[in-house]
Each structure stands twice: as structure tokens, then as C-alpha cells.
Amino acid sequence: MPKVVDEPPLTRRGRIVRIAATLAMTAALVATSLWGTDDLFPFAPFKMYSHAHDPDGWANSTVLILVNAEGESFPIGDNDTGFRRAELEGQMARFREDPALLALVAEAYEEAHPDEPEIVGAEILIRRYELVDGERTGAETEELVASWTEGEAP
């Protein structure tokens with residue numbers, strides 16, 4: 001049978017310190033949840049996860065498409081280059097300003113896939129899907145954000 005050790009009761013000062021710490025943490029979490037930015041994570045929510053999309057509206061999907069030397073176009077994902085979609089969306093203004101930056105993404109793809117045909121073009125598209133009750137209606141739009149073709153300087 002294990003020996004039972006009696007702990008001395010918490011002192012008044014100890015209880016006050018614990019209550020004050022708990023209240024301070026609770027206040028900080030509430031404040032950063034209401035007014036915090038992504039920089040305060042994990043004490044503030046990421047904006048992309050902190051609200052729901054309207055189930056009756058338009059949803060955006062950003063797509064990065066590469067074109068190889070054989071003329072084939074194909075979308076790529078995060079694992080193809082190490083360049084995540086969130087980074088792509090975060091840098092969208094830079095790609096709009098200087099589409100030749102897409103050459104760097106093409107280089108990253110070629111390094112990760114050395115046996116594949118050379119990449120000669122890339123483009124960023126934003127596809128918008130209409131939703132009704134959270135389901136696609138079939139109505140879609142597509143916006144070309146940036147386009148790069150081999151021969152343009154990065």
C-alpha cells in the first residue's frame with residue numbers, strides 16, 4: 001500500500017496569487033481573442049480560421065498552374081515546390097506587380113522534380129464559386145492574377 005503524504009493547506013497568499021494569475025491569463029486570452037492579430041498567435045485566433053464564410057455567396061480558390069515544355073498545363077500543390085498556398089496568397093500583390101517572380105516558383109518545381117519536362121510558364125488564377133446553402137451552384141468566374149513565360153527575367 002502506497003504511503004499517503006498529507007500536503008499542508010494552501011496559504012491565503014498562495015490562493016490569492018493563483019487566483020490573480022488565473023484572472024490575468026483569462027483577461028489576456030479574452031482581450032487577444034477580441035482585438036488580437038495573427039502575430040499574437042497562439043493567444044489570438046488566426047484570421048483565416050476565426051470566421052465562417054457566407055454559405056450563400058462566393059468562395060475564392062487560388063490556383064498556381066505551371067506549363068511544361070511539352071505544352072501541358074497542370075495545377076501544383078504545396079508539396080510540389082514547398083511554396084504553400086497561404087504564402088502565395090500572402091504575396092499576391094508582389095506577383096501582380098512583378099509576374100516574373102513566378103520563375104522562382106518554376107525553378108523550385110524543377111529542383112523538386114528533376115526528371116519532369118522543363119517548366120516554361122506559370123500563372124496564378126483566382127477561381128470564384130457561387131454557393132447557395134454551402135453548395136456550389138455551378139456558376140464560376142476566373143481571374144488571371146499574374147502570368148510568366150520563360151524568357152522573362154526573374
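Reader: What makes the meeting of the Glu143 and Arg128 side chains a salt bridge?
Author: The N to O distance is 3.1 Å. A salt bridge needs a side-chain nitrogen of Lys or Arg within 4 Å of a carboxyl oxygen of Asp or Glu. Arg128 and Glu143 fit, so the name applies. The pair links distant parts of the chain: Arg128 sits in strand β3 and Glu143 in strand β4, 15 residues apart.

Reader: Where do these values come from?
Author: This is a predicted model, in which local features need pLDDT of at least 70, side-chain atom pairs count only at pLDDT 80 or more, and totals for chains, interfaces and linings use all residues. Residues are numbered from 1 along each chain as its sequence is written, and side-chain values use heavy atoms, leaving out hydrogens and water.

Reader: How do you know what counts as a strand or a helix?
Author: Both are DSSP runs, numbered from the N terminus. Helices are H or I with at least four residues, and strands are E with at least two.

Reader: Which residue of helix α4 forms a salt bridge with Glu143?
Author: Arg96 does, with the closest N and O atoms 3.1 Å apart. Arg96 lies in helix α4 (residues 92-97) and Glu143 in strand β4 (residues 135-149), so the bridge ties together parts 47 residues apart in sequence. Arg96, Arg128 and Glu143 are therefore linked in a network of salt bridges.

Reader: Why is Glu143 called partly exposed?
Author: Its relative accessibility is 23%. Buried means under 20%, exposed means over 50%, and partly exposed is in between (1.4 Å probe, protein chains only). So Glu143 is partly exposed. Arg96, at 42%, gets that label too. So does Arg128, at 24%.

Reader: What makes Arg127 and Glu142 a salt bridge?
Author: Their closest N and O atoms are 2.7 Å apart, so the pair meets the distance limit. Arg127 belongs to strand β3 (residues 119-132) and Glu142 to strand β4, so parts 15 residues apart in sequence are tied together. The structure holds four salt bridges.

Reader: Why do Asp54, Asp56, Asp133 and Glu135 count as a negative surface patch?
Author: Asp and Glu count as negative, Lys and Arg as positive; His and the chain ends are not counted. Patch residues have over 30% relative accessible area and no salt bridge, and like charges are joined within 9 Å. Asp54 has 47%, so it passes the area test. Asp133 has 64%, so it passes as well. Asp54 is in the loop between α1 (12-35) and β1 (57-68).

Reader: What makes Asp133 stand out in its phi?
Author: Asp133 has a positive phi of about 55°, although it is not a glycine. This residue lies in the loop between β3 and β4.

Reader: How do you know whether Asp39 is buried or exposed?
Author: Asp39 has a relative accessible area of 73%, so it is exposed. Its place is the loop between α1 and β1. The C-alpha atoms of Asp39 and Pro99 are separated by 28 Å, and the two are 60 residues apart along the chain.

Reader: What makes a set of residues a nonpolar core?
Author: The members are buried Ala, Val, Leu, Ile, Met, Phe, Trp, Tyr and Cys residues joined through side-chain atoms within 4.5 Å. The largest one has 20 residues, and Leu64, Phe95, Leu102, Ile124 and Trp148 touch the most other members. At least two residues each come from β1, α4, α5 (102-112), β3 and β4. Helix α5 gives the largest share, five residues.
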